[in-house]
Amino acid sequence: MTTVTAPVQNRRPKWQKVGLGGYIALGLMAFLSVFPFYWMFVVASNGTEEVSKIPPALLPGPRFLTVIEGVYQAVPFNTALINTTIVGVVVAVAQVFFSALAGFAFAKLDFRGRRGMIVFVIATMMLPSQLGIIPLYILIAGWGWVNTLLALIVPALVTAFGVFWMRQVIDAQVPNEMLEAASIDGAGVMRVYWSIVLPIIRQSGFVLGLFSFLATWNDFLWPNLVLQSPDMYTAQVAVNQLKASYVIDYALNLGGAFMATAPLLLLFVVVGRRLVSGVMDGAVKG
Amino acid sequence: MSHVVANPSPRPKDKGRSKGAPSPWRQKKKPKEQAEFPGLRSLNGKWGYLFVAPFIIMFLIFGLAPVLYSTFIAFYDYDPLGEQTFIGFDNFAYLMEDSTFWTSIFNTFDIWFWSTFPQMAMSIGLAAILRNRFLKAKTFWRTILLVPNITSVLAVAIVFGQLFGRDFGMVNMVLGWFGIPNIDFIEDPFAAHIAIASMITWRWVGYNALIFLAAMLAIPDELYESASLDGAKSWQQFRYVTLPGLRNTITFVLIVGTIGGLQVFAEPLTLGGSTSGGSEHQFSTLTLFLYDQAFVANQWGYGAAIGIMITIIVLIISGINFLATRALTTGEAK
Amino acid sequence: MNIKKFTAGIALAALVFGAGVSSATAAETEREVAITKTITIWTFGDVIEPNLVLQYKKAHPDILLEIKKSDLAAMNGTDMTAACTSKTGPDIVAVEVQYSGKWRSYSKCFQDLKKMKTSSANSEMTTTYSTVKRNSKNYYKLDANENPIKVKNSNFYIDSTGAKVNVGSIKAGLSATSIKPQFIPWRWEQGVGHDGSVIGIPTDVGGMEVLYRTDLFVKAGLITAAQSKNGTGREIVSKMWPTWEKFIETGKKYVSKLSAADKKKGVGFIDNVGGIFTAMLNQSPVKYYKDNKTDAGTIFDTNPKTKKKEPIYSFSPQIKKAWDNVIIADKAKIGTRTAQFSPDWPVGMNNGKFAVIMAPAWMMDYVKQQAPLTKGKWDVASLPGGGGNLGGTQLGITSYSDEKQAAWDFLAWYLAPEQQLQVFRTYGLFPSTKSIYNDASVKDYKDPFFNNAPVGKIYSTGILKLKPIFEGELNPVIDKAFGDGLARVSAGKKTSATSWKITMDELKKLTRGAK
């Protein structure tokens, strides 16, 4: 972002400071954004019956570790977290890799059928995924992948949205002049892709990977169908084991939900800044 | 790493405004985009096939084939464990007369409306505040707004379910302070839609605010300065400098939001508590209706027919979106 | 990356997940023996009791039991169907009673348990229950309220009443036919196909009685405090409502005694009048389907008025009566419109918003968990109309299982009376094994949470009176449609006649493929 210093004149344009209203708005949004987490923690640490009182408990209580113990006794939660991390990382890397390839091709290379394929990609983003669950299961079962992490990873290796995003990003961030220059210097397409395009889109690729990881972390319908044994569960399936009762123990469920979200929060603390700048860099500029 | 500020139109030569000519601070609308090739002819296009191959192949196997199979069964009275009879377009004919189908279309659009437009206004507003150079703790605000995006939908639904409880939920408690009587967010269709819309808004408003912020930051300061030198007030600057500059971003956010919004599933299922969508089907969105008919009412062919209708609807809407934004970008500047 | 933030983050993570790990290792049993067989069980809720699973693991360290819980809609809609079509999936499934009709129509997905015979694997069970160490003492965690019981010996444990409980063994050579006499006949029939194949054996039975708040009833003058205390209260209350009409009358009386402030807050007699519909319907032998000697049954019958074949749900006098009763109850404003299992429900329980709940046996545990502060303030009275059933489970073995013998060995053991007795003690789930109803721990069991009501005796008496109901494939869907129909009237959105018509239209749509 460039800033042009205004010429020193009497009518110097005034940039207004953020008023009180602005801070109130931001503060309110920040509070609302975080409140559900806080509430999860309050319920999980107080036990269900506390929440049923009028007025409900609003401050955290002492029973958090007890509730968490309950969660761990119901499901091997740490294993679930590890499983989810494995699937999340592999899928994220693969999605970024394949999306960048295809996105680059759509953005910068000319080949027959290019336009048709782009339309096809966008159109398929619109199909409801619930439809495909049963046939996909039959396919997976036929290959003997039921109850394996493969069943979660392989179908998720590519994503139409990733291709769409990468195409957008490459289009916006990689100037043709650079490619022109390299091609004049004799570099082939592979070389151009590797040494010029990839470094430029690194940040956006990272963001795509992060969102991909998040989506995998929060995915539920498919893993719940495919995974059978407790040591194969992913985080959401594990949390759902707490819920699938005649009885809805809110403390246990929200404790589990909290534990399923906590790693993401920690991740967020570490890479949050990068995520923010990545989202902003990858945005379409007007 | 340097980024070059380039606009997404096919002509890659712009680096900001052209120099020399005095630039009116009111943005001219961009000329109609040529359907040109945006890339580089000198690169060997044949590589394209290789590069898209992994994506296309895997997509065909895992993405498309299952859906095609399901589409095929839309023409059958399909029982996976029993008989399968070909019935042609019967499922579709029935669907046209099924009042729940039309209700779910209405619900989906109602929820889409209430979760898209207020949210967009909020995101743009937030972005405008965040853009301000004098804002304290910029990174803190930006980061915290992304927090809702990383939660799982299931967990959020449980929490919001509690917050929206009719008799004892916190939302009604707060409303009670203002003298508003308890709202039944589950039984009253409009309130139910607002509840779902607020869940969606909560999740996405921060994310979209950041996208808009990025776009706003790309609007050159000179435009604002020329404007204010011309005596424009802040709201005028907003209307004639900021908004036009956000046009493409708004389109992007709208399209992605629409595709997602028309497929809302987990929130109504968890908040409403059943696949049938409540006593007046107030929670039936199109995808929930599909799920209910296919897997709970055991009418798989019918569910597949609904799926096809959903796709058609989304295609139509996206088409409208696309044409509308095309028209807007080729209009005259005021 | 900020080093401070990073370190703080790691420290926090270590604390939280470390706590989890330590309890996880405590909960896991050590495995030194290689796993030779894996039995996958698909279930829901508390149907498969974890401590029994632990005991089985200790007795058979080479067998791995994998339990997966799901929501009913997902499990019966997508999961089990996908498993059966692809012939891969679980070995044992727990089928909830309202879906028993559906799976009986697809009996090819299940193994006929008459043809299975137990091996001698479980004929001499002598291992101890798994123990939990707390304050350097060994305890066996017995019930949901975590009352720890000290473990004393190897093949029995001492329960909270001080009684000795034996570990159950089962003979070799048992098939479904052999164990049939142990079970309530009408519950057994729900798992039998038309050709006589046994596709599911019942574990728990819903039973249904009425839970009422003693303190609130005393306040309303329906009984005196003394009567409640000396145990005659529940008989008096039960006599107040032998029929549903009298039940509604009692409700009206209760509501009339409420203070104006209470009335304004929406306080009422019963949590949801819709419960009356379900209860009534589950008291009659014909619900929505008629037994026509096929597995699926038929949804049609001859309407005596028109002499034509029409869907049962449209003319059945039972259904009509149940519907009308709910409308009457609703008009009398005795319900609080609190949906069961909604977030408002436990809060309402804790705060006296309603005084009466129609409760299957399995709901008692729920009340204990959600409203512990109301301990001792509830009591159990019998259901108007004489007993009903809501819920219950059948356990079956899939036809495509690879471990049928091992699965049957486990199942037969799990369903043995001793084990079912333990399920009752732990969860209050009422077993279908009638042979244990005369066991002291059932007959004489008095629950302090419910004012020392002899819940064992009350529920078992009610259950034995019931007649079998023929469950059909679309039962849950039809139930839901009627529930929605009544909710519309309750919410004041439609009149009874209009809502009935809408419900009929919806049902026509939902059942259009049914025979």
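**Exercise 1. Describe the open five-stranded sheet of chain C: its strand order, its edges and its pairing.**

Step 1. In this predicted model, chain C holds an open sheet of five strands in the order 2-1-3-15-9, and the pairing is mixed.

Step 2. Strand 2 (63-69) and strand 9 (201-205) of chain C are the edge strands, each pairing on one side only.

Step 3. On average, and ignoring direction, neighbouring strands of this sheet are turned by 20° against each other.

Step 4. Begin at the strand 2 side. Strand 1 of chain C pairs with strand 2 of chain C in the parallel sense, over seven bridges. Strand 1 of chain C also runs parallel to strand 3 of chain C, joined to it by two bridges.

Step 5. Go to the other edge. Strand 9 of chain C and strand 15 (residues 392-397) of chain C are antiparallel, with three bridges. Within this pair, Val205(C) has Gly392(C) of strand 15 as its bridge partner.

**Exercise 2. Work out the surroundings of strand 1 (residues 37-43) of chain C, and say why it counts as largely enclosed.**

Step 1. Take the cut-off for burial: a residue is buried if 20 or more other C-beta atoms lie within 10 Å of its own.

Step 2. Five of the seven residues of strand 1 of chain C are buried, so the strand is largely enclosed by the rest of the structure.

Step 3. Look at Ile41(C). This residue stands opposite Ile67(C) in strand 2 of chain C, and also opposite Ile92(C) in strand 3 of chain C.

Step 4. Follow the chain. Strand 1, helix 2 (residues 50-59) and strand 2 of chain C form a β-α-β unit, which is right-handed.

Step 5. Add the helix that lies across part of the sheet. Helix 4 (residues 97-105) of chain C lies across strand 3 (92-96) and strand 15 of chain C, and runs at about 115° to strand 3.

**Exercise 3. Describe the open three-stranded sheet of chain C.**

Step 1. The strand order is 13-10-14 in chain C, with antiparallel pairing.

Step 2. Strand 13 (356-359) and strand 14 (378-381) of chain C are at the edges with a single partner strand each, so each has one side without a neighbour in the sheet.

Step 3. Neighbouring strands here are turned by 30° against each other on average, direction ignored.

Step 4. Strand 10 (residues 209-213) of chain C runs antiparallel to strand 14 of chain C, and four bridges join them. Leu211(C) has Val380(C) in strand 14 as its bridge partner.

**Exercise 4. Characterise the contact between chain A and chain B, from the whole interface down to one helix pair.**

Step 1. Chain B has 13 helices and two strands. Of its 334 residues, 45% are buried.

Step 2. The contact takes 86 residues from chain A and 94 residues from chain B. Helix 1 (residues 47-72) of chain B gives the largest share of the chain B side, 16 residues. By class, that side has 61 nonpolar, 25 polar and eight charged residues.

Step 3. Helix 1 (residues 20-46) of chain A packs against helix 5 (residues 153-163) of chain B at about 80°, with the axes 10 Å apart. Angles of 65 to 115 degrees count as roughly perpendicular, and therefore helix 1 of chain A is roughly perpendicular to helix 5 of chain B.

Step 4. Pro36(A), Trp39(A) and Met40(A) make the contact from helix 1 of chain A, and Ala155(B), Val156(B) and Val159(B) from helix 5 of chain B. This helix contact has six nonpolar residues, no polar and no charged ones.

Note on methods: Residues numbered from 1 in each chain as written. Chains lettered and ligands numbered in written order. Predicted model: local features only at pLDDT ≥ 70, side-chain atom pairs only at ≥ 80, totals over all residues. Pairing = 2+ DSSP bridges. Axes fitted to C-alpha atoms, helices over the stretch in contact; angles between N-to-C directions. Contact = placed C-beta atoms within 7 Å. Buried ≥ 20, exposed ≤ 12 C-beta atoms within 10 Å, placed from the backbone. Right-handed = clockwise from strand over helix to strand, strands pointing away. Parallel < 35°, antiparallel > 145°, perpendicular 65-115°, else oblique. Nonpolar A, V, L, I, M, F, W, Y, C, P; charged D, E, K, R; others polar.
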